[in-house]
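Biologist: I'm new to reading protein models. Could you walk me through one, feature by feature?

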Amino acid sequence: MTEARWPDSRRVPTARPAPGTPCWVSLMAHDLAATQEFYAQLFGWTYRPGPQQLGPYVRAFLDDREVAGIGELPADRRLPIAWTPYLASDDAGETAEMARHCGGTVGVGPLDAAEAGRMVIASDPAGAVFGIWQPAEHLGTAVAGVPGAPAWNELVTRETAEVGKFYRTLFGYTEEASGAPDADVLTLYLQGRAVASVHGVGDALPRDRGAYWMTYFETADVDAAVARVGELGGRVVRPAREGAYGRMATVADPEGAVFTLVHTERSCQEPVESARTA
């Protein structure tokens, strides 16, 4: 496929992110304390309290830089446990209305998260859940692509044409299709910079799961991290393998949240292989 660059792996946001930029990842789990401990042991995260509008919530840090959020679901909410990317917006309410108009669904919000910003939880026409974030004091992830931090976000869906149009309308992305034969892959760009990808996997997408966003976390040693996941009570979804730009493995935490571990051998490049069987 056409080579496409990942965002600068050492980039620290100093200004409001452009609309459509993946600016945060968050996880809602049932056992907040146990989930914190799992990721602390795996990635070295430390935690500080975050906005509590949806219940108990913490922000994860690497060396005093925010990288992700973890919240606690009410005991009676049996929702799928999954990492959710947040895409930046200048007006979360307006973006939510546009999402509805384009065939998406708004599940939560717009909701003020104290002084941090304004949020929406939505799903695209294929059912993949994503967040919309209107930054105020909280601009988003402070570092990406270093071990323990997010490196990339990829939408895994049945086909890219219609869902690609949805996100293009919402955020003004430009697209570049894969040059590989029979590959249904789009790279999404903002202002000339690759920010995410969409992978159409056809019938390989499990019917009982539907479309989903996959978060990639950088790690210094994929095989060691996979072993650590098992020791901590997680499981392997797809074993470690070599991709065009590095080694990767798809795993799940003890509550079932699926994510991909990746070690990029060449800095700031997009993975060409999706965790399609997750």
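Modeller: Sure, we'll go from the whole chain to its helices. This is a predicted model, where local features need pLDDT of at least 70, side-chain atom pairs count only at pLDDT 80 or more, and totals for chains, interfaces and linings use all residues. Residues are numbered from 1 along each chain as its sequence is written, and side-chain values use heavy atoms, with hydrogens and water left out.

Biologist: How many helices and strands are there in the protein chain?

Modeller: Helices (H or I, at least four residues) and strands (E, at least two) are DSSP runs, numbered from the N terminus. Here you get four helices and 16 strands. Of the 278 residues, 52% are buried (under 20% relative accessible area; exposed is over 50%, partly exposed in between, with a 1.4 Å probe and protein chains only).

Biologist: How do I read two packed helices?

Modeller: You describe them by the angle between their axes and the distance between the axes. Axes are lines fitted to C-alpha atoms, for helices over the stretch in contact, and angles run from 0 to 180 degrees between N-to-C directions. Take helix 2 (residues 92-101) and helix 3 (residues 161-171): their angle is about 150°, and their axes are 10 Å apart. That makes the two helices roughly antiparallel (over 145 degrees; under 35 is roughly parallel, 65 to 115 roughly perpendicular, the rest oblique).

Biologist: Which residues of helix 2 and helix 3 meet?

Modeller: Contact means heavy atoms within 4.5 Å. From helix 2 come Thr95, Met98 and Ala99; from helix 3 come Phe166, Thr169, Leu170 and Phe171. By class, that's five nonpolar, two polar and no charged residues (Ala, Val, Leu, Ile, Met, Phe, Trp, Tyr, Cys and Pro count as nonpolar, Asp, Glu, Lys and Arg as charged, and the others, Gly among them, as polar).

Biologist: Which residues of helix 2 are buried?

Modeller: Look for Ala92, Gly93, Thr95, Ala96 and Ala99. They sit on the same side of helix 2, because their arc around the axis is only 165° (the arc of the directions from the helix axis to the C-beta atoms). Their cover includes strand 6 (105-113), strand 7 (117-123), strand 8 (129-135) and helix 3. On the other side, Glu94 and His101 are exposed, His101 with a relative accessible area of 68%.

Biologist: And what about helix 4?

Modeller: In helix 4 (residues 222-231), the buried residues are Val222, Ala225, Val226 and Val229. They fall within an arc of 105°, so they line one face of helix 4. Helix 1 (32-43) is one of the elements covering them.
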